[in-house]
Amino acid sequence: MQFKDYYEILGLTRQASAGDVKKAYRKLAHQYHPDISKDPKGEEKFKEVNEAYRTLKDPELRKAYDELGQHRSGEEVRPPPEWGSHFSQAPGGGFDPEDFARAGGFEGINLSDLFEELSRSRGGQGPGGSYQAQPLKGQDYEVAATLTLEEAAHGTTLDLEFKVQGRDAEGRPIRLPHHFKARIPKGVVDGQKMRLPGKGGKGLQGGADGDLYLTIRLLPHPFLRPLGHDLHFDVPLTPAEAVLGATIKLPTLKGFVSLTVPPLSATGKKMRLPLKGLPKPKEGAGDLIVHLVVVIPDQITEAERHLYEQIQALSKFHPRERLEAFLHPQSDS
Amino acid sequence: MTIKTSSAITVDITSIRVTEFASLSNLSPQEIAELVEIGVLIPSGESPTDWAFNDQTLMLMRRLRRLEADFELEMDLKTLALSYRLIERIQELESHLHETQFHARLSQEEMASLKS
């Protein structure tokens with residue numbers, strides 16, 4: 001079993017009072033709680049902080065933790081003989097260090113799982129707030145799944161693998177890899193939440209299995225930007241195409257479409273192609289919204305320059321007319 | 001030892017019936033009715049027994065319950081309602097920001113690639 005220094009995690013000394021433990025936890029929770037922290041490592045850090053607090057806030061668990069002695073984090077430790085035995089004497093108590101020794105000792109056991117077990121075994125409220133005598137629902141998990149736009153459009157099968165709390169053959173708490181395939185239907189959008197009942201951690205004492213909550217994230221596509229079920233597409237046009245109009249071929253998620261750009265189409269013009277967006281779960285689909293963008297080349301030939309000069313000389317187009325008033329203000333006085 | 005299921009399970013975009021929603025979000029039917037009445041929760045279905053909620057609503061409520069537990073708070077229904085609305089608003093703004101950044105970044109990249 002690998003040791004974790006719970007005092008160090010909370011930034012405390014071993015002499016810290018119960019009040020100090022609470023205060024340190026609150027401060028760190030405000031800093032790292034994944035629902036409020038901007039720290040990308042917040043979730044990981046908060047898990048540690050929470051694990052440390054759940055043990056140190058409970059006088060009995062803290063005593064048991066202190067009895068493990070002082071070690072460096074990561075160091076392999078073995079609890080002293082008889083460790084935790086007083087928990088088995090509590091009404092409804094079920095923790096027996098002898099059982100652990102017979103079942104192969106503390107190797108491969110996670111410190112937090114051990115304390116949760118210890119807490120549950122005294123028949124009282126565990127750190128998770130559960131009673132041993134009652135059926136215990138398996139833990140719920142939240143997992144993010146990343147899909148390509150094509151996968152979201154057509155539906156896909158995800159291979160999900162994560163670790164859940166479970167029991168080995170001897171009943172010791174261990175982390176079990178949980179592996180299964182989940183078919184995602186077509187039509188999911190970025191940020192979509194989905195609940196998979198019974199796909200979380202295993203229930204104990206006949207309790208129901210926990211649930212898995214899946215959040216869908218879409219990978220950026222080279223040229224399509226999803227907004228709900230609509231897809232936005234910036235389509236570049238040459239100056240000549242923008243002025244003269246053009247019929248252009250566009251790739252979409254379902255093959256090519258032909259788009260007729262009317263003459264005199266400026267940058268920013270939007271064209272909607274109904275039902276060419278992401279399919280919706282049951283029926284129908286979003287639209288494909290084309291944003292026209294007029295672009296100019298980095299280099300042009302002498303002949304092209306000559307033609308542009310001719311256009312400039314001929315053209316009566318004056319796009320900055322409204323700015324004239326600002327450039328040459330007429331004095332009223 | 002691995003927990004393994006051989007065939008793929010199908011994930012449905014479903015709605016959650018009011019009774020299940022109540023137990024998953026640790027709310028009583030009366031509390032749900034009150035949250036619906038003040039417009040914080042918007043169910044589908046006409047009568048309270050037919051009410052159903054989507055997964056987004058459930059996950060937001062669970063997020064709130066998690067905050068309540070982790071910060072050792074005891075929220076009454078009024079606090080819960082306001083916190084729900086605030087988190088919902090933050091999520092809307094975050095997703096709006098995410099989309100705007102995404103659009104801006106892609107447009108710039110696209111422009112750069114067109115010129116190269």
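Here are a few notes on how chain A and chain B meet in this predicted model.

1. Let me begin with the extent of the contact. Chain A contributes 57 residues and chain B contributes 36 residues. Between them the two chains bury about 4,200 Å², with 57% of that area on carbon and sulfur atoms. On the chain A side, the residues that lose the most area to chain B are A:D35, A:K193 and A:R195, which together make up 16% of what that side buries.

2. The polar side of the interface is worth a look too. There are 7 salt bridges across the interface of chain A and chain B. If you would like one to inspect, B:E72 and A:K57 join their side chains in a salt bridge, at 3.5 Å from N to O. Polar contacts link 11 residue pairs across the interface, both residues being at pLDDT 80 or more.

3. Next, the elements of chain A that face its partner. Those supplying at least two residues each to the side that touches chain B include the helices α2 (18–32) and α3 (42–56), along with strands such as β2 (156–167) and β5 (212–218). The most comes from β3(A), with 9 residues. Sorted by class, this side of chain A has 26 nonpolar, 11 polar and 20 charged residues.

4. Finally, do follow β3(A) across the chain boundary. This strand pairs with strand β2 (residues 9–10) of chain B in the parallel sense, over 2 bridges. Which residue of β2(B) is the bridge partner of A:R183? That partner is B:T10.

Methods:
Residues are numbered from 1 along each chain as its sequence is written. Chains are lettered from A and ligands numbered from 1 in the order in which they are written. This is a predicted model: local features need pLDDT of at least 70, side-chain atom pairs count only at pLDDT 80 or more; totals for chains, interfaces and linings use all residues. Side-chain values use heavy atoms; hydrogens and water are left out. Contact means heavy atoms within 4.5 Å. Buried area is the accessible area (1.4 Å probe) that two parts lose on being put together, summed over both. A salt bridge is a side-chain nitrogen of Lys or Arg within 4 Å of a carboxyl oxygen of Asp or Glu. A polar contact is a pair of N or O atoms within 3.5 Å; within protein, one must be able to donate a hydrogen and the other to accept it, and residues adjacent in sequence count only if both atoms are side-chain atoms. Helices (H or I, at least four residues) and strands (E, at least two) are DSSP runs, numbered from the N terminus. Ala, Val, Leu, Ile, Met, Phe, Trp, Tyr, Cys and Pro count as nonpolar, Asp, Glu, Lys and Arg as charged, and the others, Gly among them, as polar. Two strands pair if DSSP finds at least two bridges between them.
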